[in-house]
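Trainee: I'm new to this one and would like a close look at a single part. Could you walk me through the salt bridges, one after another?

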Amino acid sequence: MSRESPAPQLAPQSSLVKRPDLLVNESTMSMKRNSRSVVAMQNETEAQKNKPKVLYENTYRLEPQRKFEAFKVKALMREVLTHHLQDEKYDPKACKQLALTLTQIVMGKVKELNYERYKVVCLVTIGELREQGGMRAASQCVWDAKWDTFSTENFKNKSLFAIATVFAVYQE
């Protein structure tokens, strides 16, 4: 009579496995799959929430039907930054949240322009305005210069500055 021994339990290989904030479970995966911006969720009607997903067939399009218009996005960012930051005083803790909120607002407004098949990335940086000589910001990307583009807008008041940048990368 042979008794089968239970399979040996493997020990975690890294201390990262023990961190609960890094563990991936079904609830965190479903949240990531269904993630939408806060602005989009607030503006969503009940009918839109329950709408079934539409499956599309591959089109094999290599170029967009409508090219991303950076000048429209620049005007949109100027409007958002001016409206929200005109009378704002610099506070490091408040500006952290404000930068996140402005990013979501700009991203939502860019998505309303309905540029199909463009992946849009938005960055908003807010800093304190002091007696410094200036600040330089740089970014580097690998992209198709024919279809991919970006737009950036600067804002300044008496106590702070803001830089908003939107990158648009065409997804074939």
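Is Arg61 buried, partly exposed or exposed, and what is its relative accessibility?

Mentor: Before anything else, keep in mind that this is a predicted model. Arg61 counts as partly exposed, because its relative accessibility is 21% and the buried class stops under 20%. Its side chain meets that of Glu116 in a salt bridge, at 3.9 Å from N to O. That just makes the cut, since a salt bridge here needs the nitrogen within 4 Å of the carboxyl oxygen. Now look at where the two partners sit: Arg61 is in the loop between helix 3 (46-49) and helix 4 (70-85), while Glu116 is in the loop between helix 5 (92-112) and strand 1 (118-128), so the bridge ties together parts that are 55 residues apart in sequence. As for Glu116, a relative accessibility of 52% makes this residue exposed.

That pair has company, as the count comes to five salt bridges. Take Glu69 and Lys72, whose closest N and O atoms are 3.0 Å apart. Glu69 is partly exposed, with a relative accessible area of 22%, and Lys72 is partly exposed too, at 39%.

Next, find Glu153 and Arg78, whose side chains meet in a salt bridge at 3.5 Å, N to O. This pair links distant parts of the chain: Glu153 belongs to strand 2 (residues 149-156) and Arg78 to helix 4, with their positions 75 residues apart. The two ends sit in different surroundings as far as accessibility goes: Glu153 counts as buried at 9%, whereas Arg78 counts as partly exposed at 39%. For Glu153 the reasoning is simple: 9% is what puts this residue in the buried class, because that class covers anything under 20%. Arg78 and Glu153 aren't on their own, either; together with Lys74 they are linked in a network of salt bridges.

While you're looking around, pick out Val169 as well, a residue of strand 3 (residues 160-170). Val169 is partly exposed, at 27% relative accessibility. Setting aside neighbours within four places in sequence, Val169 is in contact with Arg117, Tyr118, Lys119, Trp143 and Asp148. For one of these, Asp148, the C-alpha atom lies 4.6 Å from that of Val169, although the two residues are 21 apart along the chain.

Conventions
Residues are numbered from 1 along each chain as its sequence is written. This is a predicted model: local features need pLDDT of at least 70, side-chain atom pairs count only at pLDDT 80 or more; totals for chains, interfaces and linings use all residues. Side-chain values use heavy atoms; hydrogens and water are left out. Helices (H or I, at least four residues) and strands (E, at least two) are DSSP runs, numbered from the N terminus. Buried means under 20% relative accessible area, exposed over 50%, partly exposed in between (1.4 Å probe, protein chains only). Contact means heavy atoms within 4.5 Å.
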